[in-house]
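Trainee: I keep running into labels like "buried" and "patch". Can we go through them on a real example?

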Amino acid sequence: ALLPFAAVLFLIMALNVRHMFIFILMTRACLDPILEQTRIEGGAGGIGALLNLFVVVMALLLIAKWPEVLKRNRTAIAWALFLTLAALTVFYSPRPKMTLKLLLNLSTYAAVFVVPFFVVKDEKEKRFWIKVILASSFIPLAFANLGIVTRHPLFNVDERLSGAFSHPNI
């Protein structure tokens, strides 16, 4: 099931990075319980890891195409230095597999940070992306409100409200 899903994601990304980023922002938060069920034994990945990989690849493609965008950004440079140091720790870690997984998670955070520098060009675009981010919270909020009203175990893990997420702390 992962291969067709990956093919569709790759097609969306190849056709339009902006649409891919909108898709990920709008769906990622509310898909957590489903993505948890697709996780491969031993924590090797799943559809969630695939989505994260697409975000990182998307950011790397944008950086390769327009490197000058980030050369002026001190925070992006700090992320690059931090990720370089984190990558070096994989070789010295007593648990390299777990360290690599953490590095990939950190790379996803950095990618989500840098992509807006490439897709937001003016004030009108900035307003559009703020609306996308706000809209992306509607489904998780609806799940949380449903959990408050129904107190159903699907939305309340160990008597704690989890909404659309796999764990209440998220």
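Mentor: Let's take the labels one by one.
This is a predicted model, where local features need pLDDT of at least 70 and side-chain atom pairs count only at pLDDT 80 or more, while totals for chains, interfaces and linings use all residues. Residues are numbered from 1 along each chain as its sequence is written, and side-chain values use heavy atoms, with hydrogens and water left out.

Trainee: Why is Phe 91 called exposed?
Mentor: Exposed means over 50% relative accessible area, buried under 20%, and partly exposed in between (1.4 Å probe, protein chains only). Phe 91 has 70% relative accessibility, so it counts as exposed. You'll find Phe 91 in the loop between helix 6 (74–89) and helix 7 (96–119); helices here are DSSP runs of H or I with at least four residues, numbered from the N terminus.

Trainee: What makes Leu 85, Leu 88, Phe 91 and Tyr 92 a nonpolar patch?
Mentor: A patch takes residues with over 30% relative accessible area and no salt bridge (a side-chain nitrogen of Lys or Arg within 4 Å of a carboxyl oxygen of Asp or Glu). Nonpolar side chains (Val, Leu, Ile, Met, Phe, Trp, Tyr) are joined within 5 Å, like charges within 9 Å. These four, Leu 85, Leu 88, Phe 91 and Tyr 92, have about 560 Å² of accessible area together, by the Shrake-Rupley method with a 1.4 Å probe, and for residues only the protein chains shown count as cover.

Trainee: Why is Thr 27 buried, and Lys 126 partly exposed?
Mentor: Thr 27, in helix 2 (residues 17–27), has a relative accessible area of 18%, so it is buried. Lys 126, in helix 8 (residues 123–136), has 41%, so it is partly exposed.

Trainee: How do you know that the side chain of Thr 27 has a polar contact with Phe 23?
Mentor: A polar contact is a pair of N or O atoms within 3.5 Å; within protein, one must be able to donate a hydrogen and the other to accept it, and residues adjacent in sequence count only if both atoms are side-chain atoms. The backbone oxygen of Phe 23 is 2.7 Å from a polar atom of the Thr 27 side chain.

Trainee: Why do the buried residues of helix 9 line one face?
Mentor: Those residues are Pro 140, Ala 144 and Gly 147. Seen down the axis of helix 9, they fall within an arc of 60 degrees (taken from the directions from the helix axis to the C-beta atoms), so they line one face. The face turned away from that buried side carries exposed Phe 138 and Val 149.

Technical notes:
Helix = DSSP H or I, 4+ residues; strand = E, 2+ residues; numbered from the N terminus.
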